[in-house]
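Student: Please take a close look at one part of this model and describe it in a connected way.

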Amino acid sequence: MAEPSPKDISDAVTNIISGFSVISAVAAGWYTLYQRAVVRRERTSNLFEEFYSPENYHATIAPVFILKVRWQALEGDAKTAYADAICKGWPKQELSRDEAREIISSYDHKFESYANVNDAGVFEKMHFRKERSTEVITEHAALTAFLYFWVKLERMRKEGLLSENLVKQLFKGPYDIYRPFIRDFREAVANCVGNYEPDWFSATQNLESFFDGKEPKSGLLRFIPFLGR
(Lines give C-alpha, C1' and ligand atoms only; values in the text may rest on other atoms or scores of the structure.)
Protein backbone atom coordinates (compact mmCIF):
# COMPACT_ATOMS: atom_id res chain seq x y z
CA MET A 1 0.00 0.00 0.00
CA ALA A 2 1.35 3.39 -0.99
CA GLU A 3 2.23 5.77 1.76
CA PRO A 4 -0.22 8.72 1.99
CA SER A 5 1.12 11.93 0.64
CA PRO A 6 1.27 15.07 2.76
CA LYS A 7 -1.68 16.40 0.76
CA ASP A 8 -3.73 13.29 1.58
CA ILE A 9 -2.93 13.70 5.26
CA SER A 10 -3.79 17.40 5.13
CA ASP A 11 -7.11 16.66 3.42
CA ALA A 12 -7.98 13.99 5.97
CA VAL A 13 -7.23 16.32 8.87
CA THR A 14 -9.29 19.07 7.22
CA ASN A 15 -12.23 16.68 6.81
CA ILE A 16 -11.99 15.58 10.44
CA ILE A 17 -11.90 19.17 11.63
CA SER A 18 -14.84 20.03 9.38
CA GLY A 19 -16.76 17.07 10.79
CA PHE A 20 -16.11 18.19 14.35
CA SER A 21 -17.19 21.75 13.41
CA VAL A 22 -20.48 20.48 12.01
CA ILE A 23 -21.07 18.31 15.08
CA SER A 24 -20.25 21.24 17.36
CA ALA A 25 -22.59 23.55 15.44
CA VAL A 26 -25.43 21.01 15.60
CA ALA A 27 -24.83 20.42 19.31
CA ALA A 28 -24.77 24.17 19.96
CA GLY A 29 -28.02 24.57 18.01
CA TRP A 30 -29.76 21.82 19.95
CA TYR A 31 -28.51 23.23 23.25
CA THR A 32 -29.86 26.68 22.29
CA LEU A 33 -33.25 25.14 21.49
CA TYR A 34 -33.19 23.25 24.78
CA GLN A 35 -32.39 26.42 26.71
CA ARG A 36 -35.26 28.22 25.01
CA ALA A 37 -37.58 25.38 25.98
CA VAL A 38 -36.41 25.72 29.60
CA VAL A 39 -37.11 29.46 29.51
CA ARG A 40 -40.60 28.83 28.09
CA ARG A 41 -41.39 26.38 30.87
CA GLU A 42 -40.18 28.81 33.52
CA ARG A 43 -42.19 31.64 31.97
CA THR A 44 -45.30 29.44 31.93
CA SER A 45 -44.83 28.48 35.58
CA ASN A 46 -44.44 32.13 36.53
CA LEU A 47 -47.67 32.99 34.72
CA PHE A 48 -49.49 30.26 36.62
CA GLU A 49 -48.13 31.61 39.90
CA GLU A 50 -49.33 35.07 38.87
CA PHE A 51 -52.81 33.72 38.11
CA TYR A 52 -53.14 32.01 41.49
CA SER A 53 -51.34 34.66 43.52
CA PRO A 54 -53.29 35.80 46.61
CA GLU A 55 -53.66 39.28 45.10
CA ASN A 56 -55.11 38.05 41.81
CA TYR A 57 -57.28 35.46 43.54
CA HIS A 58 -58.79 38.11 45.78
CA ALA A 59 -59.15 40.72 43.02
CA THR A 60 -60.39 38.63 40.09
CA ILE A 61 -60.81 34.87 40.54
CA ALA A 62 -63.06 34.96 43.62
CA PRO A 63 -65.37 37.75 42.33
CA VAL A 64 -65.67 36.12 38.89
CA PHE A 65 -66.45 32.75 40.48
CA ILE A 66 -69.34 34.36 42.36
CA LEU A 67 -70.45 36.07 39.14
CA LYS A 68 -70.32 32.72 37.32
CA VAL A 69 -72.40 30.98 39.96
CA ARG A 70 -74.91 33.84 40.00
CA TRP A 71 -75.13 33.67 36.21
CA GLN A 72 -75.85 29.92 36.42
CA ALA A 73 -78.36 30.30 39.25
CA LEU A 74 -80.51 32.99 37.65
CA GLU A 75 -83.16 32.16 35.09
CA GLY A 76 -85.88 33.75 33.03
CA ASP A 77 -86.35 37.52 33.19
CA ALA A 78 -83.89 37.88 36.06
CA LYS A 79 -81.07 36.30 34.05
CA THR A 80 -81.95 38.39 31.00
CA ALA A 81 -81.82 41.56 33.09
CA TYR A 82 -78.47 40.53 34.65
CA ALA A 83 -77.01 39.74 31.21
CA ASP A 84 -78.22 43.11 29.88
CA ALA A 85 -76.58 44.90 32.80
CA ILE A 86 -73.24 43.11 32.34
CA CYS A 87 -73.28 43.68 28.58
CA LYS A 88 -73.35 47.43 29.13
CA GLY A 89 -69.71 47.09 30.13
CA TRP A 90 -68.84 45.97 26.60
CA PRO A 91 -70.22 48.71 24.36
CA LYS A 92 -69.71 48.74 20.63
CA GLN A 93 -66.77 50.81 19.43
CA GLU A 94 -68.81 53.62 17.84
CA LEU A 95 -71.34 55.15 20.23
CA SER A 96 -73.93 57.79 19.56
CA ARG A 97 -73.98 60.72 21.96
CA ASP A 98 -77.12 59.39 23.64
CA GLU A 99 -75.56 55.92 24.06
CA ALA A 100 -72.42 57.47 25.53
CA ARG A 101 -74.49 59.58 27.97
CA GLU A 102 -76.43 56.51 29.08
CA ILE A 103 -73.25 54.54 29.76
CA ILE A 104 -71.34 57.31 31.57
CA SER A 105 -74.41 58.10 33.69
CA SER A 106 -74.44 54.54 34.99
CA TYR A 107 -70.79 54.90 36.11
CA ASP A 108 -70.75 58.55 37.16
CA HIS A 109 -73.90 59.57 39.01
CA LYS A 110 -72.78 63.23 39.00
CA PHE A 111 -72.52 63.38 35.22
CA GLU A 112 -75.66 65.42 34.69
CA SER A 113 -74.42 68.03 37.17
CA TYR A 114 -71.47 68.95 35.00
CA ALA A 115 -72.65 67.85 31.53
CA ASN A 116 -73.28 71.46 30.48
CA VAL A 117 -70.46 73.13 32.42
CA ASN A 118 -68.09 75.32 30.37
CA ASP A 119 -65.52 75.91 33.12
CA ALA A 120 -62.24 74.09 32.37
CA GLY A 121 -61.30 74.31 36.05
CA VAL A 122 -64.07 71.86 36.95
CA PHE A 123 -62.66 69.28 34.55
CA GLU A 124 -59.06 69.95 35.57
CA LYS A 125 -59.97 69.12 39.16
CA MET A 126 -61.76 65.96 38.03
CA HIS A 127 -58.91 64.78 35.79
CA PHE A 128 -55.82 65.84 37.71
CA ARG A 129 -56.72 66.17 41.37
CA LYS A 130 -59.65 63.95 42.24
CA GLU A 131 -58.38 60.81 43.95
CA ARG A 132 -59.67 57.45 42.76
CA SER A 133 -60.00 54.63 45.26
CA THR A 134 -58.36 51.37 44.17
CA GLU A 135 -59.25 49.42 47.29
CA VAL A 136 -62.60 48.17 45.99
CA ILE A 137 -62.83 46.48 42.61
CA THR A 138 -66.17 46.26 40.83
CA GLU A 139 -67.59 43.07 39.39
CA HIS A 140 -67.03 44.47 35.90
CA ALA A 141 -63.41 45.36 36.62
CA ALA A 142 -62.76 41.87 38.00
CA LEU A 143 -64.38 40.25 34.97
CA THR A 144 -62.41 42.42 32.56
CA ALA A 145 -59.09 41.59 34.24
CA PHE A 146 -60.03 37.90 34.31
CA LEU A 147 -60.92 37.73 30.61
CA TYR A 148 -57.86 39.68 29.51
CA PHE A 149 -55.61 37.34 31.48
CA TRP A 150 -56.70 34.65 29.01
CA VAL A 151 -55.96 37.04 26.15
CA LYS A 152 -52.46 37.49 27.55
CA LEU A 153 -52.00 33.73 27.90
CA GLU A 154 -53.19 33.07 24.34
CA ARG A 155 -51.08 35.85 22.79
CA MET A 156 -47.95 34.65 24.58
CA ARG A 157 -48.66 31.05 23.58
CA LYS A 158 -49.17 32.01 19.93
CA GLU A 159 -45.90 33.94 19.94
CA GLY A 160 -44.04 30.85 21.15
CA LEU A 161 -43.17 32.42 24.49
CA LEU A 162 -44.74 29.64 26.57
CA SER A 163 -44.47 25.88 26.89
CA GLU A 164 -47.55 24.51 25.15
CA ASN A 165 -47.47 21.22 27.07
CA LEU A 166 -47.22 23.03 30.39
CA VAL A 167 -49.91 25.55 29.41
CA LYS A 168 -52.29 22.68 28.82
CA GLN A 169 -51.29 20.88 32.04
CA LEU A 170 -51.58 23.96 34.26
CA PHE A 171 -54.35 26.05 32.71
CA LYS A 172 -56.84 23.65 31.12
CA GLY A 173 -58.38 22.69 34.49
CA PRO A 174 -58.83 26.26 35.74
CA TYR A 175 -60.20 27.37 32.37
CA ASP A 176 -62.68 24.50 32.17
CA ILE A 177 -64.24 25.64 35.46
CA TYR A 178 -65.30 28.84 33.70
CA ARG A 179 -65.69 27.52 30.15
CA PRO A 180 -69.53 27.21 30.13
CA PHE A 181 -69.87 30.71 31.57
CA ILE A 182 -67.33 32.21 29.14
CA ARG A 183 -69.10 30.53 26.21
CA ASP A 184 -72.53 31.81 27.31
CA PHE A 185 -71.18 35.27 28.10
CA ARG A 186 -69.48 35.45 24.70
CA GLU A 187 -72.82 34.78 23.07
CA ALA A 188 -74.63 37.34 25.24
CA VAL A 189 -72.08 40.07 24.50
CA ALA A 190 -72.12 39.23 20.78
CA ASN A 191 -75.83 40.01 20.78
CA CYS A 192 -75.13 43.40 22.40
CA VAL A 193 -72.17 44.70 20.40
CA GLY A 194 -73.07 43.69 16.86
CA ASN A 195 -70.08 43.31 14.53
CA TYR A 196 -67.52 44.44 17.11
CA GLU A 197 -65.71 41.59 18.86
CA PRO A 198 -63.61 42.23 21.99
CA ASP A 199 -60.15 40.62 21.92
CA TRP A 200 -61.20 37.98 24.41
CA PHE A 201 -63.71 36.49 21.94
CA SER A 202 -61.11 35.00 19.61
CA ALA A 203 -58.56 34.42 22.37
CA THR A 204 -60.89 32.23 24.42
CA GLN A 205 -62.14 30.40 21.33
CA ASN A 206 -58.55 29.67 20.28
CA LEU A 207 -57.67 28.47 23.77
CA GLU A 208 -60.64 26.12 23.78
CA SER A 209 -59.51 24.60 20.46
CA PHE A 210 -55.99 24.24 21.86
CA PHE A 211 -57.13 22.68 25.14
CA ASP A 212 -59.34 20.24 23.20
CA GLY A 213 -56.45 19.21 20.94
CA LYS A 214 -58.18 20.55 17.83
CA GLU A 215 -55.42 22.99 16.91
CA PRO A 216 -52.91 21.39 14.47
CA LYS A 217 -49.24 21.83 15.21
CA SER A 218 -47.27 23.52 12.49
CA GLY A 219 -43.69 23.62 11.29
CA LEU A 220 -40.97 21.89 13.28
CA LEU A 221 -43.30 21.21 16.21
CA ARG A 222 -44.76 18.26 14.29
CA PHE A 223 -41.34 16.66 13.97
CA ILE A 224 -39.49 17.88 17.07
CA PRO A 225 -42.10 17.83 19.88
CA PHE A 226 -39.87 19.16 22.66
CA LEU A 227 -39.59 22.52 20.87
CA GLY A 228 -43.13 23.30 21.99
CA ARG A 229 -42.69 22.09 25.54
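**Helix H8 and the nonpolar patch**

Tutor: At 37% relative accessibility, Val69 counts as partly exposed, because the partly exposed class runs between the 20% and 50% limits. The model is a predicted one. Val69 belongs to helix H2, which spans residues 54-73.

Val69 is also one of the residues in a nonpolar surface patch, made together with Phe65, Ile66 and Ile177. The area of this patch is about 340 Å². Helix H2 gives the patch its largest share, with three residues.

From the patch the description turns to helix H8, which covers residues 164-193. Gly173 is placed in H8. With a relative accessible area of 42%, Gly173 is partly exposed, because that value, too, falls between the 20% and 50% limits. Gly173 can also be related to a residue further along the sequence: Phe211 is 38 residues away from Gly173 in sequence, and the C-alpha atoms of the two are 9.4 Å apart in space.

H8 also has a helix partner to consider, namely H7, made of residues 139-158. The axes of H7 and H8 come within 12 Å of each other, and the crossing angle is roughly 140°. The two helices are therefore oblique to each other, because an angle has to be over 145 degrees to count as roughly antiparallel. As for handedness, the crossing in which H7 passes H8 is left-handed.

Conventions
Residues numbered from 1 in each chain as written. Predicted model: local features only at pLDDT ≥ 70, side-chain atom pairs only at ≥ 80, totals over all residues. Heavy atoms only, no water. Helix = DSSP H or I, 4+ residues; strand = E, 2+ residues; numbered from the N terminus. Buried < 20%, exposed > 50% of the residue type's maximum accessible area, 1.4 Å probe, protein only. Patch = residues over 30% accessible without salt bridge, like charges linked within 9 Å, V, L, I, M, F, W, Y side chains within 5 Å. Areas by Shrake-Rupley, 256 points an atom, 1.4 Å probe, with all protein chains shown as cover. Salt bridge = Lys/Arg side-chain N within 4 Å of Asp/Glu carboxyl O. Axes fitted to C-alpha atoms, helices over the stretch in contact; angles between N-to-C directions. Parallel < 35°, antiparallel > 145°, perpendicular 65-115°, else oblique. Left-handed = near helix turned anticlockwise from the far one by under 90°.
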